Amino acid sequence: MLEKILPEKLYKILAEKINFKAVNEIRLRADKPIILNVNGKICFVNENGATTKLDNALYSSKIMIEDVIFRASECSIYSVNEQIKRGFIVTDEAVRIGIGGNLIEENGQIKTMTNFCSCNIRIPHIIKNCSLNAYPFLVKDDKVENTLIVSPPGAGKTTFLRDFVYQLSLRELKYNVLLLDERGELDSGINSLYTDKISFSSKKVGFENGIRSLAPDIIVTDELGQEEDVEAIRYANGCGVKILASTHCDNIETFAKKPLFQQILKEKVFKKFVFLSKRNGPGTFEGVYDENFSRVYR
């Protein structure tokens with residue numbers, strides 16, 4: 001997966017001296033030390049593996065960063081320009097590479113990004129059964145409740161969503177599930193006979209087209225963050241489609257006050273809320289709440 005895009009020396013260290021399964025992120029910044037997120041802990045990397053000491057840490061360069069982005073684009077930056085305009089590239093293996101550089105705007109529209117100076121390589125993980133603590137509260141009599149996964153960035157929302165879809169398939173519930181994979185990373189590792197996918201579409205367009213053309217029973221999508229995302233959720237709910245989605249927030253109390261969600265909270269569109277944190281590492285399960293934000297499981 002990563003051998004195609006990382007410098008050979010760095011990949012060899014990661015493969016031989018660090019447990020890849022524990023690496024969540026690799027951050028490269030021009031002329032600064034390479035930084036790893038390993039099980040939620042930040043460290044450097046040297047010839048011997050992960051380290052908390054800056055001494056002998058390996059540094060990245062602008063050329064290294066440009067090379068990673070070039071390889072991730074399969075040697076054609078132009079072919080992934082639509083993704084680059086949104087600040088990231090997603091590889092075929094669902095590795096998401098966030099990019100820092102100079103945004104070029106014209107008449108208020110982003111045209112491209114140049115002068116790449118940093119990248120954040122987020123490594124997808126398949127953690128089977130990570131949704132099982134919450135599963136009995138989200139599925140009643142084999143019927144899925146509208147559910148929103150709430151957590152800070154990097155706390156396991158996408159991993160939870162993947163496993164939940166896997167659990168539905170494992171139990172042969174035979175729901176038609178539509179993955180609305182706006183960033184191209186949600187689908188990694190999901191193997192279900194009953195799953196369709198729409199990638200790199202806005203939620204508004206994806207929900208409307210998906211419901212019309214694929215007739216899903218359930219739509220699974222990641223990272224609600226805009227007004228049109230919320231309107232897409234209301235639209236799907238009005239069509240009788242069940243929804244499993246996620247959003248960023250540090251805690252459930254702050255989420256309950258976010259202006260963006262007040263209308264659907266008032267309408268009680270979501271029946272369950274799952275809160276994840278990084279308290280004991282990414283994916284720490286903090287509890288399930290009902291539509292009134294009463295805790296139903298801890």
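Is Glu82 buried or exposed? Glu82 is exposed, at a relative accessible area of 54% (buried means under 20% relative accessible area, exposed over 50%, and partly exposed in between, using a 1.4 Å probe and protein chains only). The views below come from a predicted model, in which local features need pLDDT of at least 70, side-chain atom pairs count only at pLDDT 80 or more, and totals for chains, interfaces and linings use all residues. Residues are numbered from 1 along each chain as its sequence is written, and side-chain values use heavy atoms, with hydrogens and water left out.

**View 1. Lys85 and Glu82 form a salt bridge.**
Here a salt bridge is a side-chain nitrogen of Lys or Arg within 4 Å of a carboxyl oxygen of Asp or Glu. For Lys85 and Glu82, the closest N and O atoms are 3.0 Å apart. Both residues belong to helix H3 (residues 81–85), where 3 residues, about one turn of the helix, separate them. Helices (H or I, at least four residues) and strands (E, at least two) are DSSP runs, numbered from the N terminus. Lys85 is partly exposed at 22% relative accessibility, while Glu82 is exposed at 54%. If you would like to look further afield, the structure holds 18 salt bridges.

**View 2. Arg234 pairs with Glu231 in helix H7.**
Now turn to helix H7, which spans residues 227–238. Arg234 and Glu231 sit 3 residues apart in this helix, about one turn, and their salt bridge has its closest N and O atoms 3.3 Å apart. How exposed are the two partners? Arg234 is partly exposed, with a relative accessible area of 29%, and Glu231 is also partly exposed, at 36%. Elsewhere, salt bridges that share partners join Arg86, Arg96, Glu182, Arg183, Glu185, Lys203 and Glu223 into one network.

**View 3. Glu182 and Arg183 meet in a salt bridge.**
These two residues are both members of the network just described. The N to O distance between their side chains is 3.9 Å. Glu182 counts as buried at 9% relative accessibility, and Arg183 is buried too, at 19%.

**View 4. Thr91 lies in a loop between two strands.**
The loop in question runs between strand E5 (88–90) and strand E6 (96–106). Which residues does Thr91 touch? Setting aside neighbours within four places in sequence, Thr91 is in contact with Ala72 and Ile97, where contact means heavy atoms within 4.5 Å. Thr91 is buried, with a relative accessible area of 11%. Pro216 lies 125 residues from Thr91 in sequence and 26 Å from Thr91 in space, C-alpha to C-alpha.
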